[in-house]
Amino acid sequence: MAQSLELLLIQFLMPDNDARRQAEDQIKRLAKDPQVVPALVHHLRTAKTPNVRQLSAVLLRKKITGHWAKLSPQLRNLVKQSLIESITLEHSPPVRRASANVVSIIAKYAVPAGEWPDLLPFLFQCSQSSQEDHREVALILFSSLTETIGNAFRPHFADLQALLVKCLQDETSSRVRVAALKAVGSFLEFTHDGDEVVKFREFIPSILNVSRQCLASGEEDVAVIAFEIFDELIESPAPLLGESVKSIVQFSLEVCSSQNLESNTRHQAIQIISWLAKYKSSSLKKHKLVIPILQVMCPLLAESTDGDEDDDLAPDRAAAEVIDTMALSLSKHVFPPVFEFASFSSQSVNPKYREASVTALGVISEGCLELMKDKLEPVLHIVLGALRDQEQMVRGAASFALGQFAEHLQPEIVSHYESVLPCILNALEDASDEVKEKSYYALAAFCENMGEEILPFLDPLMGKLLAALQNSPRNLQETCMSAIGSVAAAAEQAFIPYAERVLELMKIFMVLTKDEDLRSRARATELVGIVAMSVGRIRMEPILPPFIEAAISGFGLEFSELREYTHGFFSNVAEILDDGFTQYLPHVVPLAFSSCNLDDGSAVDIDESDDENINGFGGVSSDDEAHDEPRVRNISIRTGVLDEKAAATQALGLFALHTKSSYAPYLEESLKILIRHSGYFHEDVRLQAIISLKHILTAAQAVFQGHNEGPTKAKEVLDTVMKIYIKTMTEDDDKEVVAQACMGTADIIKDFGYMAVELYMPQLIETTLVLLREESACQQKESDSEMDEDDVEHDEVLMDAVFDLLPAFAKSMGSHFGPIFSKLFEPLMKFARAPRPPQDRTMVVACLAEVAQDMGAPISGYVDPVMPLVLKELVSSDATNRRNAAFCVGEFCKNGGDSTLKYYGDVLRGLYPLFGESEPDDAVRDNAAGAVARMIMVHPEAIPLNQVLPVFLKVLPLKEDHEESMAVYSCVCNLVLSSNPQILSLVPELVNLFAQVAVSPVETSEVKVQVGRAFSHLISLYGHQMQPILSNLSPVHANALAAFAPKS
């Protein structure tokens, strides 16, 4: 076999394809015989050309696994001996590396079986050799062996570590230093034991030295390995970096500031800073690295790039990403230096710096939103100034920043509409298309959260937008449609005069079929859905069919973004048509199904080892598929497919919600998809699945109503949804997804009652506890360091949703919630103590108020620990905190029994300022009135009514929070009906109040009937004496009162 095999190997390497194919077929046949192993070993050691020797090693690697067990002990020894010789005596590096690969596969079987005791000693000996080649190949083998027999190294870990440190410092050979660098990377991937991992800190100084030497000698590709190692260290859950984070940051900043280095090298350095900001932000804070980083990153925003450079690697772009990441995790520390940079640079003579100043502000607006809202005036001054800059690039950056503000600084930014909107309108006329496009984006984001404030601007806005829509290039038309959508959503019914013109124009866009026009078609489809939402069912239903037809035909055009927007369009149409959408279900549901079932199209780059590249002999299959799995270097997902899946998942839920029982034919398949998507790898799809599951449950209840097996089937769906929600709440790592599962659970409890979820209550309580203790998967903080006391931030997305669970439990269980609440109380109160921010405290207070309201008497056990907190909150500088405190104090006094009496004096003193002129907020005043009303109703004897009632009546009628109406007006009416002398001394005030309540469009008839009864009682008491008071009323007020007063 040996001779024929040698000829075949030579033939395999020929350029002639036919000859190669014949050789490959023959080799495959021969390779089935175990005797191929000694033959290949022979050629590995004796073939004249390195190519044949390398090919022998590669084939050996592919075939050794299947034959190893069949070889005699003598043959096995021969193979091992020949490989060791090849590694030590071979002159060709590719052959040495290929032999090393075979060693690592044989070791996988031989070392654990105790058949190769001298391998590790040999490697240690090799790594001490005076020959550079030996030291290098030993390190290469150490690298590859970690993947197959990593455990065998455990006893030698300390020796190995010393060896690697020594090789990293090898003074005579850069090849050895580089191999050591790679070996460190391999060991790091293999090591998971905390104590062992921490020892990697000792490598960092040497790694930095090797990298600096490589950069100095122009070996940038090797220096980049250091960044790959740091990347592993940063992402490791173990606290790996310690003090060395300083030297890593320093090195990374040196590299990214060096304009003479390759953009890829600089990008890797910036990426390390970005990962540190993401995963180890508190380390950056602890070592005071935030300002040094920003001092390098902010000026990088002003760095000019060559037009032909890959955009993703451009330093200004990467720096913006770092600043954004830091703003999200370290907002307090990032805003002051960035604002200082922006203020200073906005005055620069260099336009790149003026551009950087507004770019920086735009980039941090999401992370630093609270701090920016407080400084909105000076921030807007910089950006609106830049919008008038003579340089186009500065105006473009300013319009981008304004769009970011509009997106993230809501609702505060809208109150500046008088200064902002005219500037945007002006920018829409800019000579530069880029500025125009970004201004449409800013306009779209700005108007999205506006309401009637937009009305004075509606005409000039729509004039410009409609003109631009007809006379602009495609990309501008797209952003323009986005802006019209925001204007329509803000203007609602006021948009009707413009709707017909817009819809006519959209018909033109919705039939475009050229590839370059499909994005515009997608935007147009979306816009029709938004306009439909604004003008409503009556106007839209008759004219919808051609739009729906066009939308459906778009699915044949194979453009993911068009499909995504079309699902959104159908969702909007379902929302306005409600049951009228049923006729479209057979056409649109299958389209949503097909999008949900799309292949994700993960584009994966495979990192194949170099021995596969000789003339591509991947054709010979391997016996060792497990080993042959190449290392995945980089996974990038086609985001278009993700967005489409998310939109389709959302659509299924909305179709079900709005068509209810008519959705029956699609229920089962939809539920299967949503179950699958609730565990999807990307959070956007999981989020929509979690929302849609609740809608499917609503539809299922309607579908199975009246069926024989209805209750059983509906229960099956409920069980499925509840299990997914509970699992998501503890195991999902995305806060928004978990928050949605909490909200869905609270809604299910409210909609279906306690009996429906009784079975799940123990798990739900346990899950709520985990979330309150901040121990769920999505609440895991970085392990590298403890969070600073001053850095506890309000977690609005998640904790607001968690805090909604407790009132839902209380509402469904009433006083039976008492024993459960006792377990939740302490973890809940933790959020009200220092160093928690004011938003956390008010969230606790609101939660306690709602629990008291629905749980009733058992709340009396919590009066003493809660009252001091609530009294303090009554004097908070924040209106929301005062409002919730007033609501809470009222509910505690109403339900807390006699244990609240000792606090009445303090409570009245705390509430008194909320009735005066110094209180700027009507909702706070209304809640204070509600609190006093509840106190009077439960303990009138404990209230000095002669002092309290004049102050109380003076702030009525209620101005904003009409949820307090029942409590407030019941209290007043009961006092009148019981002829309380204190209130009867205030008849003119009462009549005036009753008249205003009777004409109010927002008060319920229930409240008005009560008021009418109290008014009649006054008439019966005072008869003609009332005449002068009544004659002072306007006819409208008098008639309204008369209408509600019972006829005698």
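# Questions about a helical protein model

Visitor: Pro411 lies in the loop between α23 (392–408) and α24 (417–427); which residue is joined to Pro411 by a cis peptide bond?

Guide: This is a predicted model, and the bond in question has a computed omega of about -5°. The residue that shares this cis peptide bond with Pro411 is Gln410.

Visitor: The peptide bond from Leu956 to Pro957 is also given as cis; in which loop does Pro957 lie?

Guide: For the bond from Leu956 to Pro957, omega is near 5°. Pro957 itself belongs to no helix but to a loop, and that loop is the one between α49 (945–954) and α50 (965–977).

Visitor: How many helices and strands does the protein have, and what share of the 1048 residues is buried?

Guide: The C-alpha trace spans about 130 × 75 × 65 Å along its principal axes, and of the contacts with a separation of 6 or more, 74% come from residues 24 or more positions apart. The protein has 55 helices and two strands, while the buried share of its residues is 56%.

Visitor: Where does UniProt place the feature "domain: Importin N-terminal", and what percentage of that stretch is helix?

Guide: The UniProt record, an unreviewed entry, places this feature at residues 23–89. Over residues 23–89 the end C-alpha atoms are 29 Å apart, the strand content is 0%, and the helix content is 82%.

Visitor: Are helix α40 and helix α43 roughly parallel or roughly antiparallel?

Guide: Helix α40 (residues 761–772) packs against helix α43 (residues 818–829) with the two axes 9 Å apart and at an angle of about 10°. Angles under 35 degrees count as roughly parallel, so the arrangement of α40 relative to α43 is roughly parallel.

Visitor: Which residues make the contact between α40 and α43, and how many of them are nonpolar?

Guide: From α40 the contact is made by Ile765, Thr768, Leu769 and Leu772, and from α43 by Ile820, Lys823, Leu824, Pro827 and Leu828. By class, one of these residues is polar and one is charged, whereas the number of nonpolar residues is seven.

Visitor: Is Arg882 buried or exposed?

Guide: Arg882 is found in helix α46 (residues 879–895). Its contacts, leaving aside neighbours within four places in sequence, are with Glu873, Leu874, Ser876, Ser877, Leu914, Glu919, Pro920 and Val924. Since its relative accessible area is 10%, and under 20% is the cut-off, Arg882 counts as buried.

Visitor: The side chain of Arg882 has a polar atom that lies 3.0 Å from a backbone oxygen; which residue supplies that oxygen?

Guide: Among the residues in contact with Arg882 are Ser876 and Ser877. The backbone oxygen that lies 3.0 Å from the polar side-chain atom of Arg882 belongs to Ser876.

Visitor: Lys288 has a positive phi in a residue other than glycine; is Lys288 buried or exposed?

Guide: Phi of Lys288 is near 55°, and the residue lies in the loop between α16 (281–286) and α17 (290–300). Its relative accessibility is 68%, and because values over 50% meet the cut-off, Lys288 counts as exposed.

Visitor: What is the relative accessible area of Lys660?

Guide: Lys660 lies in the loop between α35 (639–659) and α36 (667–677), and its phi is near 40°, a positive value in a residue other than glycine. Lys660 is partly exposed, and its relative accessible area is 35%.

Key: Residues numbered from 1 in each chain as written. Predicted model: local features only at pLDDT ≥ 70, side-chain atom pairs only at ≥ 80, totals over all residues. Heavy atoms only, no water. Axes fitted to C-alpha atoms, helices over the stretch in contact; angles between N-to-C directions. Helix = DSSP H or I, 4+ residues; strand = E, 2+ residues; numbered from the N terminus. Parallel < 35°, antiparallel > 145°, perpendicular 65-115°, else oblique. Contact = heavy atoms within 4.5 Å. Nonpolar A, V, L, I, M, F, W, Y, C, P; charged D, E, K, R; others polar. UniProt positions renumbered as here; feature names shortened; annotations may be inferred. Buried < 20%, exposed > 50% of the residue type's maximum accessible area, 1.4 Å probe, protein only. Polar contact = N/O pair within 3.5 Å; in protein donor to acceptor, adjacent residues only side chain to side chain.
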